Every structure is written in C-alpha cells, then in structure tokens.
Amino acid sequence: MTIFTQICANHYWRLGQSFLYTLGFSLILFSIASFKSAPVGMGDVKLLVLVSFALSLYSLNQYQNWLLWVMVVGSIIAIFHTVRWHTMGTRIAFAPAVFVGTLAYLATRK
C-alpha cells in the first residue's frame with residue numbers, strides 16, 4: 001500500500017529514501033541481533049523493519065523519533081512488568097512495545 005501510494009503521488013525520491021533508510025535500519029538491527037546474547041530477537045528485527053517501511057519514514061529524524069517512542073514505551077512496559085510480578089524476567093516480549101510505541105508516534109506525528 002505504501003509503495004502504491006508513493007508511486008501514485010509521484011514521490012519516487014521519497015520511496016527511494018524509505019528503501020535506503022529501511023535497508024540501513026535493518027542492517028543495523030540484524031547486526032545487533034546477530035550477537036550471541038542479543039537483547040533483540042530476529043522476529044523483532046523483521047517486525048521493526050516492516051513497521052518502519054509501512055510508516056513510510058523518509059528522513060532519519062523520523063526514524064529517530066519513532067525509535068525513541070518505541071524505546072520509551074518498551075521501558076514503561078518493562079517497568080510495569082517488574083512492578084506487577086516483583087521480578088525482572090530474562091525475556092520480555094518486545095512486539096507489544098513496538099505496536100504501542102508506533103501508535104504513540106502516530107498520535108504525536110505532525
């Protein structure tokens with residue numbers, strides 16, 4: 001849908017920028033996830049790459065703002081999890097934080 005919208009609006013440069021930023025973003029996440037004790041799993045890498053391209057972010061500043069929201073919401077979920085069960089688990093699902101962070105980003109996007 002994003003590709004179709006960008007092509008219909010003749011925003012080929014934005015589409016190209018989105019592809020480049022998404023490629024760079026995915027390479028960085030893949031390298032982080034490749035470490036033996038990585039905090040990010042490969043499922044998270046695939047989810048983040050798809051969501052970032054689906055948002056059609058065409059500037060590095062937008063990617064930074066989006067990642068900031070995801071990290072803030074992820075931290076809030078981790079704190080909530082710790083307070084609720086009085087322990088910090090070794091694995092916490094990251095996908096809910098990605099979706100809530102994306103919603104928070106979209107709600108504050110100008």
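This passage describes the fold, the nonpolar core, a pocket and several individual residues of a predicted model.

The overall picture is a helical one. The protein contains 5 helices and 0 strands, and the order of elements from the N terminus on is α-α-α-α-α. Of its 110 residues, 33% count as buried. The accessible surface amounts to about 7,500 Å², and carbon and sulfur atoms hold 72% of that area. Among the contacts in the protein with a separation of 6 or more, 63% join residues that stand 24 or more positions apart.

The interior comes next. In soluble globular proteins, nonpolar side chains tend to be buried together. Here, the largest nonpolar core brings together 14 residues, and those with the most contacts inside it are Phe25, Val45, Leu48 and Trp66. Two or more residues of this core come from each of α2, α3 (42-54), α4 and α5 (95-108). Helix α3 makes the greatest contribution to the core, with 5 residues.

Empty space can be surveyed as well. Rolling a probe the size of a water molecule over the atoms shows where such space is left. The second largest pocket has a volume of about 280 Å³. It is lined by 15 residues, of which Phe25, Ile28, Leu29, Ile32 and Leu67 are the closest to its centre. Helices α2 (12-33) and α4 (60-85) each provide at least two residues of this lining. Sorted by class, the lining of the second largest pocket comprises 13 nonpolar and 2 polar residues, with no charged ones. Phe25 thus appears in both descriptions: it is listed among the residues with the most contacts inside the largest nonpolar core, and it is also listed among those closest to the centre of the second largest pocket.

A look at individual residues adds local detail, beginning with helix α2. Phe19 is placed in this helix, and Thr22 lies in helix α2 too. Phe19 has a relative accessible area of 44%, so it is classed as partly exposed, the range between 20% and 50%. Thr22 has a relative accessibility of 9%, which is under the 20% cut-off, and therefore counts as buried. Leaving aside residues up to four places away in sequence, Thr22 touches Val49, Ser52, Phe53 and Tyr63. Phe53 also figures in a C-alpha pair with Phe19: the two residues are 34 residues apart along the chain, and their C-alpha atoms are separated by 7.4 Å.

Helix α3 offers a further example in Val51. With 13% relative accessibility, Val51 counts as buried because this value is under 20%. When residues up to four places away in sequence are not counted, Val51 touches Trp66 and Thr102. Trp66 is itself one of the residues with the most contacts inside the largest nonpolar core. Val51 can also be paired with Phe99, at 48 residues apart in sequence and 8.7 Å apart in space, C-alpha to C-alpha.

The last residue considered is Ala78, which is found in helix α4. The relative accessible area of Ala78 is 16%, and since this is under 20%, the residue is buried. Between the C-alpha atoms of Ala78 and Phe94 the separation is 9.4 Å, and the two residues are 16 residues apart along the chain.

Methods:
Residues are numbered from 1 along each chain as its sequence is written. This is a predicted model: local features need pLDDT of at least 70, side-chain atom pairs count only at pLDDT 80 or more; totals for chains, interfaces and linings use all residues. Side-chain values use heavy atoms; hydrogens and water are left out. On a 1 Å grid over the protein atoms alone, a cavity is a set of points where a 1.4 Å probe fits but cannot get out, and a pocket is an open set with protein on both sides within 12 Å along at least five of seven lines; lining residues have an atom within 4 Å of a point. Grid points are joined across faces, edges and corners, and a volume is the space filled by probe spheres set on the points. Helices (H or I, at least four residues) and strands (E, at least two) are DSSP runs, numbered from the N terminus. Ala, Val, Leu, Ile, Met, Phe, Trp, Tyr, Cys and Pro count as nonpolar, Asp, Glu, Lys and Arg as charged, and the others, Gly among them, as polar. A nonpolar core is a set of buried Ala, Val, Leu, Ile, Met, Phe, Trp, Tyr and Cys residues joined through side-chain atoms within 4.5 Å. Buried means under 20% relative accessible area, exposed over 50%, partly exposed in between (1.4 Å probe, protein chains only). Contact means heavy atoms within 4.5 Å. Accessible areas come from the Shrake-Rupley method with a 1.4 Å probe; for residues, only the protein chains shown count as cover.
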